[in-house]
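Hi everyone, thanks for making time. Let me put the structure up, and then we can walk through it together.

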Amino acid sequence: MELKDLVKALNNGETIVSDSPLHEVMHRTSQEALRITAELNGTYHEPDEVRRLLASLLGKPVDKTVTMFPPFNTDFGKNTTLGRRVFINSGCSFQDQGGIRIGDDSLIGHNTVLATLNHDINPERRGDMHPGHIIIGRNVWIGSNVTVLPGVTIGDNAVVAAASVVTKDVRGGTVVAGTPARMVRSVTD
């Protein structure tokens, strides 16, 4: 099994069974992610070097308009796609095995957690992992200390208030807040 096999399975929503060959690939990939994030977070880097390390972590080019303020953590890295002019503030953690897509002009606040895996609820299968992608549309603003759970889509121009926990899809052009996050108004109100 190779990384491409794992990413395909994850993007198809397949359960990754504990101790399976795909699970082994996931752990091997995690070691690379931990090495790169240690380098990224270990000392100051100029913005171009931050983007270079981020591209190495993601395994694909990162647009020159992307800005990230370390520290940044991920235990995988190979299933995140960033649009143009994305800003990721310090302290964010992306668990991206299930896939994270962030649209153009989106802002990700301090200490945001994007989590794309759930463990099985059955204690006998607790090591099995169920992926669910996170899609963040264009021009989205996610406030600080937000957690977004697997399978959530946040529509274009939405705002997620600080400290919210997003458990369900967020309609575009709305402001959501709370735990669980609920719509509180339109962005145009």
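So, which residues line the largest pocket? Before I answer, please keep in mind that this is a predicted model. The lining consists of Leu40, Asn41, Thr43, Tyr44, His45, Pro47, Val50, Arg51, Thr67, Met68, Phe69 and Pro70. The volume of this pocket comes to about 150 Å³. Sorted by class, its lining holds 7 nonpolar, 4 polar and 1 charged residues.

Where do those residues come from? At least two each are supplied by helix 2 (21-42), helix 3 (47-58) and strand 1 (67-68). Helix 3 contributes the most, with 3 residues.

Let's stay with helix 3 for a moment, and with Arg51, which we just met in the pocket lining. Arg51 has a salt bridge to Asp48, and the closest N and O atoms are 2.6 Å apart. Both residues sit in helix 3, 3 residues apart, or about one turn of the helix. Are these two partners buried or exposed? Asp48 is exposed at 59% relative accessibility, whereas Arg51 is buried at 15%. Shared partners also join Glu39, Glu49 and Arg52 into one salt-bridge network.

Within that network, Arg52 pairs with Glu39, the closest N and O atoms being 3.8 Å apart. Arg52 belongs to helix 3 and Glu39 to helix 2, so this salt bridge ties together parts that are 13 residues apart in sequence. Both ends count as partly exposed: Arg52 has a relative accessibility of 43%, and Glu39 has 35%.

Helix 2 has another salt bridge to show you. Glu32 pairs with Lys78, with 3.6 Å between the closest N and O atoms. This one links distant parts of the chain, 46 residues apart: Glu32 is in helix 2, and Lys78 is in the loop between strand 2 (72-74) and strand 3 (80-82). Glu32 is partly exposed, at 31% relative accessible area, while Lys78 is buried at 14%. Over the whole structure, the search finds 9 salt bridges.

Finally, back to strand 1, because I'd like to end on the sheet. What is the strand order in this open sheet? Its 7 strands run 1-4-7-12-15-17-18, with mixed pairing. Strand 1 and strand 18 (182-186) are the edge strands, each pairing on one side only. Further in, strand 12 (residues 141-142) and strand 15 (residues 159-160) pair in the parallel sense over 2 bridges. There, Ile142 stands opposite Val160 in strand 15.

That's my tour, and I'm happy to take questions.

Notes
Residues numbered from 1 in each chain as written. Predicted model: local features only at pLDDT ≥ 70, side-chain atom pairs only at ≥ 80, totals over all residues. Heavy atoms only, no water. 1 Å grid on protein atoms, 1.4 Å probe; cavity = no way out; pocket = protein on both sides within 12 Å on 5 of 7 lines; lining within 4 Å. Points joined across faces, edges and corners; volume = space filled by probe spheres on them. Helix = DSSP H or I, 4+ residues; strand = E, 2+ residues; numbered from the N terminus. Nonpolar A, V, L, I, M, F, W, Y, C, P; charged D, E, K, R; others polar. Pairing = 2+ DSSP bridges. Salt bridge = Lys/Arg side-chain N within 4 Å of Asp/Glu carboxyl O. Buried < 20%, exposed > 50% of the residue type's maximum accessible area, 1.4 Å probe, protein only.
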